[in-house]
Amino acid sequence: SYRKGGYHAVRVGDPFAAGRYIAQRKLGWGHFSTVWLAYDTQTSKYVALKIQKSAEQFAEAALHEIEVLLSITNADPSNSKCVVRLIDHFKHSGPNGQHLCMVLEFLGDSLLRLIRYRRYKGLELNKVKEICKCVLIALDYLHRELGIIHTDLKPENILLISTINPAKDPIKSALTPILKRPEGGTLNGKPAMNIVEKRLKRTARRASMGRETDLEPEKCMDGIDLRCKVVDFGNACWADKPFAEEIQTRQYRAPEVILVSGYSFPADMWSFACTAFELATGDMMFAPKGGKGFSEDEDHLALMMELLGKMPKKIAIGGARSKDYFDRHGDLKRIRRLKLRPVHRVLVDKYKFSESDAREFVGFLSPLLDFAPEKRPTAQQCLQHPWLNLNSSHQKEMNVQSNIDVRMGNLKIN
Ligand code: ATP
Ligand code: MG
Ligand code: MG
């Protein structure tokens, strides 16, 4: 991928935007870009520098992402909406072509890393609630105020707010005295840039040997206020001009997307529910696989119906793709036998939730997993749900009654 049209190779210490940003270490990468921790010499802060591949289709995608990010950032001057902020953007020429670069606020680990770090055991329910609140604030903002559908919500695209304090960080102390010198300045008779590079390499090496500078997930779990932000707006679209038929990462894909019956904001709410389940249990809610005589899509629909009950016939046969999966009675053509396992039972039997924890959580989740997208609660409505403000460890004593039905346990498959 490091060839013409592809990624831009970065070395620690490389300057960007006429020296304003200095690359420090790689934070991550995706299909479109590599993302680097960089030091912003103008503000003395860390930033995340997203360097897009250079080929035309990637440049176009970056322009779209910048447009979305600009509207997100501009409409939230107080920075209270739990979405990543765009600080700057520019072009950078390298041997592989011209790369669009986005300067984003620097955030911490993704929730996926947090789940892995917890060895797929799931987070404590009170932490799950804190995260859910942040994500719902972000979704409410995107949906109601901006008319934007994220279309790729999942743990990987939710990042914790970094707890690194730059003032206490060795990288800054290595950089500051050198960078204050004029461009091309020398330090002890050697070019300053070389020395910066050496020091940064040493810091990066220490970090890779586990002597930190990196955020430790466990540390940020100690705080009571666990906060995070939604990132990766490369696939986001305005609800009135959706551009892709197939959206979302497989496991978080809503039924209306699989059936091609039209999607809007509720598709994000489905992904949100899948994400909340995964945070609480450590396992994906749906992990479909193709098999002998059936496709991944069909397995996915079967898994949904096993967990949530049978899909109403009208919905099952109502999509442009319905005929590929369902017969005219609304039964799956190629997967005839479904093993019903209501969410409540799964939480209690497999994940050892207490009956009350499971009941409360299902009360929150199940309306979001309605097969009818228009019946799913909005992010704004979800924010009002009592589950979010219920302290799980005290809930037996508190005996709080959820006012939303536990419907899943009652569903039957004909
Ligand atoms: P995708 O294929 O997922 O669309 P992409 O090329 O659009 O990938 P992103 O998902 O935006 O790239 O970023 C890639 C990775 O870089 C993320 O998974 C995350 O680990 C890291 N990252 C992105 N933005 C930030 C940020 N603001 N702060 C810290 N790390 C970040
Ligand atoms: Mg991503
Ligand atoms: Mg992306």
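1. Start with the nonpolar core: in this predicted model, the largest one runs to 106 residues. A38, L49, V135, A138, A273 and L365 have the most contacts inside it. Helix α3 (residues 125-146) supplies the largest share of this core, at 12 residues.

2. A273 is worth a click. Leaving out residues up to four places away in sequence, A273 touches L365, L368 and L369. Of these, L365 is itself among the residues with the most contacts inside the core, and L365 is also one of the buried residues of α13.

3. On to that helix. α13 (residues 355-365) is mostly covered, with eight of its 11 residues buried. Don't expect just hydrophobics there: D357 and E360 are buried, along with A358, F361, V362, G363, F364 and L365.

4. What does α13 pack against? Helix α12 (residues 343-350) is a partner, at an angle of about 145° and with the axes 9 Å apart. The crossing is right-handed. From α12, V343, H344, L347 and V348 meet E355, A358, R359, F361, V362 and L365 of α13. Sorted by class, that contact has seven nonpolar, one polar and two charged residues.

5. Now the ligand. There are 21 residues around ligand 1, and G28, G30, F32, V35 and A48 come nearest. By class, the shell splits into 11 nonpolar, six polar and four charged residues.

6. As for where that shell comes from, β2 (21-29), β3 (33-40), β4 (45-52) and β6 (97-105) each supply at least two residues. β2 gives the most, with three.

How values were computed: Residues are numbered from 1 along each chain as its sequence is written. Chains are lettered from A and ligands numbered from 1 in the order in which they are written. This is a predicted model: local features need pLDDT of at least 70, side-chain atom pairs count only at pLDDT 80 or more; totals for chains, interfaces and linings use all residues. A nonpolar core is a set of buried Ala, Val, Leu, Ile, Met, Phe, Trp, Tyr and Cys residues joined through C-beta atoms within 7 Å. A residue is buried if 20 or more other C-beta atoms lie within 10 Å of its own, exposed if 12 or fewer, and partly exposed in between; C-beta atoms are placed from the backbone. Helices (H or I, at least four residues) and strands (E, at least two) are DSSP runs, numbered from the N terminus. Two residues are in contact if their C-beta atoms, placed from the backbone, lie within 7 Å. A residue is near a molecule or strand if its C-beta atom, placed from the backbone, lies within 6 Å of it. Ala, Val, Leu, Ile, Met, Phe, Trp, Tyr, Cys and Pro count as nonpolar, Asp, Glu, Lys and Arg as charged, and the others, Gly among them, as polar. Axes are lines fitted to C-alpha atoms, for helices over the stretch in contact, and angles run from 0 to 180 degrees between N-to-C directions. A crossing is left-handed if the near helix is turned anticlockwise from the far one by less than a right angle, and right-handed if clockwise.
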